[in-house]
Amino acid sequence: MPSNPRLLGILGERARLELRYFELVTLVEMADGSAPNVAGKKEAPITTKKRFMCVGLHCLAFLRESLRRERQSGYIEYAWIDKVVEDKGSTTDFMLIVSGAPADVGQFILIRSESRATAIAQISICYLADAMFRTGKTPPFPKTEEDLHCEVDSFKVLPFKNYKQVVFQDYFLWIREEFMELPSSNSGSSTGIYHVPAAVLMGQNAADTRLGEGEGMTIEVSLHIYPQVQLLNLAQIGREHIRWLALEYKQALIKNQQTYVLRNKLYLKKMNLSNDVSAWICWELALRNKDQLIVVMLLRRQYVPPLMDAVQDFAIILKCPASAISETNTREFQEDFILEAERMADSLNPRAQNQSIYAHMVQGKLDALLYDEEAYSWIRSRLKLKPDGETRLEKYASIFVKGLLKILRDQNALQHPELWDEVSRRVAAVCERKVEQDLDPMVVATQTLRMPNEGLKLDNPDENTDMALSYWHLRVAVYLAWCTDGGLLGSKLTLADVISNLAQDQVHHVARKKLEEILTFLLHLRPKDLKKKWEAKTLPNQMMAMGMLGSDEPPESCIFNDRVMQVLLEMGFLKKNVFPAQAHDEGSMSMAYVHLLKNLMMCEAASVNLKASICRQIVAEREAEHGCALCMGLLELMRRGGLFLATYACAALVNLSQAKEEVKNFLVYHGIAAICLQQLQSKDDDLMLYTLMLLVHLTKYANHRQSMNDAKLVPQLFEILVASYNVLQYKRRILTELCSVLGQMCNDEETRKSICQNYPKCIECLIQIFQTAQELPGDRKAGEVLPSTSTKIISKVMFALKQLCANDRKNKEHVGGFVCKPVIKDLINKNNLVHQDWATNALTLLLLLAVSANNCMNMKDSGWDHAYNSLTASPLGKMDVTRDRIQQINTRCDTIAKHFAELNAHPEVEKL
């Protein structure tokens, strides 16, 4: 839908209207002014002409392709429209029937529009608004459907067998023939919602084919089409990538802890049935809970014609009641159900074939550098258009790259020497004067391209002119950075190649200074206030001026080239060369660099990808000496960064807090407990996992555990446990960390008693997890080799059970009846003893349970003597800690066994 604000403003000035929509359409006129004949009789000659149809607030206007107004019949007021007739035989044609208009306006106006549904929708909105303005009433919009002529769409691809084509707005897709559209009182049959009884579609896979639609056994498909959004506005609404929209859907659909994710990944769309030039990006999301199986196919149509400057998102949602799925064919049905959704996504296409591209408008936007870097690459490869215009952008970009290559070539740092000849030939072909071919790159960037040669009135400059020039200079930096980063020469020359030469100190200090000046310009760090000009300072001085290196005051609101900043960080140039650490701390982060990372994490101009890159760098850092400074930025991401960045920040804090007491104290002091509680309530598996991993580090000390108790952490842990214990196959990693946290919280006797009294089901859930994990991968028996995937969860469950059984004889008796026998049988198998953490926790639990005489006899009966022999012969029998525990368990078991033997031999002796 061409709704670019700038172009609407330009066309509005030409048409002298306030516009809401425009499109290049074809006007079909009969020579005698009559309406098209559908009866098949001989028609009058037809003439066609291209016009921009401009939808204004009170009338339609038609402009020539040169943007000149029509002298006659250029305007059609909404009051003249009697009927809007939509052609049944095509996807593009509709007719306006008017009356009461001047004589130069025909009665029948046939319009051929590639986006007919959108165009009619925009006309209807303005028609109704105009009627309300004129009469104070809201009449119905006079739209009907008729056959206007006998032509049919050519090259139409038919649906698969047993499928049908459904149309919604300007798009169509294929679904099963059994689906029926759900009508709506407001929108008639165009609801985009289709349903079918489960028994009809699923056949033998249905749980009970006797159940019908009336009993909730209905499979539903819904199609949602989002409005188009300008490419440059995606960052403002937080949807730079389709995965962010998928994250929103995932968060909305996960209603409780018993919802688990089956699929969450990119999907490759496979069919282009309309010869669509746009780029399609898809995401597949499948979830299952106790009520429904839900599959969501999210699609993004990027670089939408005709201006290639917008994206449009789609959501195809399939829902099937869980009660309709047969338990014996669950996995098979899930795969078939997801495949059905994928077929629908593959078949989603625009109705218009070979949509037009307004090449002259696209070229104008390119010349003004009003696209982003990805759009430059896509338009160049698909449409063979490139920025140029009177400013000669392509020419000077080539000269800029040649100058950069010359610096590298003179230092023998050019990885592909043949590039020099290639660029030299390209520059010689576009330069009229030889003196231009060897211009310095900074001269090109700061002087030659400082001002555009078109589009700005520079005769009487004012404040707005200065702001426009600053914005132009910023766009030039972005464009030249794209040219350097593979835009002109592909993978043979990238920013990473240039920066690696600097990071590895492979160039002379004079060349180094020039390259740093170029990178500083390409980064283009400047105040957000465009009234201020960019200043050519060294990179550290620019960052200092923007407050990016400060520790206390928040940095000044600034903007910069995000992609250049990310490469500078990931290549280690800023860390090693610009802000190096002291000699004795070589390899670690300097304080200045730490403050830079912190401020970037808190900066509004930094993208999600840049902040995630910083988090990955912190995760990979082995020695973070200034971890507390980094924590401020990470805490900000956890509070306001959304689920994705909160997950990354949490993972970074796991690394920082490991064995660093000052970091743990800092986090607890700054309210990490409340943040963790909020993240555990998010129901996002990844975020919950890393939050629990962080809590494992933060619950080792009594004062920290007290903060967690004050934040009401235990009730939330219990809620997760109760909701997840019976779906171990999907929640194994979460439950593993949860058991660790729960066990550590029980180090405080008061907390342990509170859990046992207030949450008696806690031990039952842990026992159920233990029993399920013992059987994984599904048919394992006690005493067989433990799979490596199960040892950690079993180990942590045993740790939590041991903590809950401390100082409670009743719990010891109860737990011992379930765990003693399988644990001892597993200890007998020497192959299991290689898992030291599992074996250590098993021995610790058995030692605690051995306080009970009944448990000791249970251990003896389960084969403790054989386990003792295996343990003493293994490395565990030689380690001080485990050796002592083995001997203590053996002593207790022998003592109790001997005592019971004496009782059996002398029954008259009173039992102890």
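Colleague: Before we start, what counts as a disulfide here?
Modeller: A disulfide is a pair of cysteine sulfur atoms within 2.5 Å. Keep in mind that this is a predicted model, where local features need pLDDT of at least 70 and side-chain atom pairs count only at pLDDT 80 or more, while totals for chains, interfaces and linings use all residues. Residues are numbered from 1 along each chain as its sequence is written, and side-chain values use heavy atoms, with hydrogens and water left out.

Colleague: OK, how many disulfides does a search of the whole structure find?
Modeller: Zero.

Colleague: Why no bond for Cys-603?
Modeller: Because the closest cysteine sulfur, in Cys-558, is 4.2 Å from the sulfur of Cys-603, too far for a bond.

Colleague: And is Cys-603 buried or exposed?
Modeller: Cys-603 is buried, at 7% relative accessible area. Buried means under 20%, exposed over 50%, and partly exposed in between, using a 1.4 Å probe and protein chains only.

Colleague: What about Cys-59, how far is its sulfur from the closest cysteine sulfur?
Modeller: That distance is 9.6 Å, to Cys-54, again too far for a bond. Cys-59 is buried too, with a relative accessible area of 9%.

Colleague: Switching to helices: which residues of α21 and α24 meet?
Modeller: Lys-664, Asn-665 and Val-668 of α21 meet Asn-703, His-704 and Ser-707 of α24, where contact means heavy atoms within 4.5 Å. By class, this contact has one nonpolar, four polar and one charged residues. Val counts as nonpolar and Lys as charged, while Asn, His and Ser fall among the others, as polar.

Technical notes
Helix = DSSP H or I, 4+ residues; strand = E, 2+ residues; numbered from the N terminus.
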